[in-house]
Amino acid sequence: MRDGAIIKTLCEFLLDCSTGWIRFWERCYIFISNDTTRSKASEACRNYVAKLAMPKVKAMNNFLVDHMTSPIAWLGLSDQEIEGEFKWSDGEKLSSFTPWTAGHPLNNGSDFVKIAKDDGSWYNVEGTETSGYICTKKC
């Protein structure tokens, strides 16, 4: 067994997430319902040695919606660097999975993305708005 496969096996079967965190695939997630701005949400995740959640595929998006504790939550997706060019907080460009709500994304300086619990859709807003947030880290 290669080293990477051993680590993956350990992560999947032996390691649990910290108390309050939920494991999905090879990551741990915590769902925070306290309303806060995007910058404070990102800072709170960094304090956990984590990042805002990045649902790059439908299964991940569905997992987040199923576990959300607030009606809306910040994600680790923005077009802050270049208007209209959305990137995840890990630097990866947005792929083909993009469940935007009708009329979004807006190209008006609304740089940061939230997810809605009711239908899993995304919409972009200004970072000064408040909502809950979801942090993720490797297990």
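There are 5 salt bridges in this structure, and I should say at once that the model is a predicted one. I will start with those bridges, then go to the disulfides, the cores, and a strand in the middle of it.

In one of the salt bridges, glutamate 92 pairs with lysine 56, with 2.9 Å from N to O. Lysine 56 sits in the loop between strand S3 (51-52) and helix H3 (58-67), and glutamate 92 in the loop between strand S5 (87-88) and strand S6 (112-116), so the salt bridge ties together parts that are 36 residues apart in sequence. Glutamate 92 is partly exposed, at 39% relative accessibility.

Lysine 87 takes part in two of the pairs I want to show. With glutamate 81, its closest N and O atoms are 3.7 Å apart. With glutamate 85, the N to O figure is 4.0 Å. What is the exposure of these residues? Lysine 87 has 24% relative accessibility and counts as partly exposed. Glutamate 81 is exposed, at 70%. Glutamate 85 is partly exposed, with a relative accessible area of 29%. There is also a network: Lys56, Asp90 and Glu92 are joined by salt bridges that share partners.

Now the disulfides. The structure has 2 of them. The sulfur atoms of cysteine 17 and cysteine 28 are 2.0 Å apart. The torsion about that S-S bond is about -85 degrees, so the disulfide of cysteine 17 and cysteine 28 is left-handed. Cysteine 17 is in the loop between helix H1 (3-13) and strand S1 (22-24), while cysteine 28 belongs to strand S2 (residues 27-36), and the two are 11 residues apart. Both cysteine 17 and cysteine 28 are buried.

The other disulfide joins cysteine 45 to cysteine 135, again with sulfur atoms 2.0 Å apart. It is left-handed, with -85 degrees about the S-S bond. This link connects helix H2 (residues 38-47), which holds cysteine 45, to strand S8 (residues 131-138), which holds cysteine 135, across 90 residues. Cysteine 45 is buried at 0% relative accessibility, and cysteine 135 is buried at 0% as well.

Next, the interior. In soluble globular proteins, nonpolar side chains tend to be buried together. Here the largest nonpolar core has 21 residues, and the members that touch the most others are Tyr29, Leu64, Ile115, Trp122 and Ile134. Two or more residues come from each of S2, H3, strand S4 (72-78) and S6. Which element gives the most to this core? That is H3, with 4 residues.

Take tyrosine 29 as an example. Beyond its neighbours within four places in sequence, tyrosine 29 is in contact with a list of residues including Met60, Phe63 and Leu64, and also Ile134 and Cys135. There is a second, separate core of 17 residues, and among its members are Trp21, Ala44, Val125 and Cys135.

That leaves strand S6. 5 of the 5 residues of S6 are buried, so the strand is largely enclosed by the rest of the structure. In a regular strand the side chains alternate between the two faces of the sheet. In S6, Phe112, Lys114 and Ala116 point one way and Val113 and Ile115 point the other way.

How is S6 paired? S4 and S6 run antiparallel and are joined by 4 bridges, and one bridge partner there is phenylalanine 112 in S6, for serine 78. S6 also pairs with strand S7 (residues 122-125), in the antiparallel sense and over 4 bridges. The S6 and S7 hairpin has 5 residues between the strands, and glycine 120 takes a positive phi near 75 degrees.

The residue I would point to in S6 is lysine 114. Is lysine 114 buried or exposed? It is buried, with a relative accessible area of 0%. Its side chain makes a polar contact of 3.3 Å with the side chain of glutamate 129. Across the strand pair, lysine 114 stands opposite tyrosine 123 in S7. Leaving out residues up to four places away in sequence, lysine 114 touches, among others, Trp74, Leu75, Trp122, Val125 and Thr130.

That is what I have on this model.

Conventions. Residues numbered from 1 in each chain as written. Predicted model: local features only at pLDDT ≥ 70, side-chain atom pairs only at ≥ 80, totals over all residues. Heavy atoms only, no water. Salt bridge = Lys/Arg side-chain N within 4 Å of Asp/Glu carboxyl O. Buried < 20%, exposed > 50% of the residue type's maximum accessible area, 1.4 Å probe, protein only. Disulfide = S-S within 2.5 Å. Core = buried A, V, L, I, M, F, W, Y, C linked by side-chain atoms within 4.5 Å. Contact = heavy atoms within 4.5 Å. Polar contact = N/O pair within 3.5 Å; in protein donor to acceptor, adjacent residues only side chain to side chain. Pairing = 2+ DSSP bridges.
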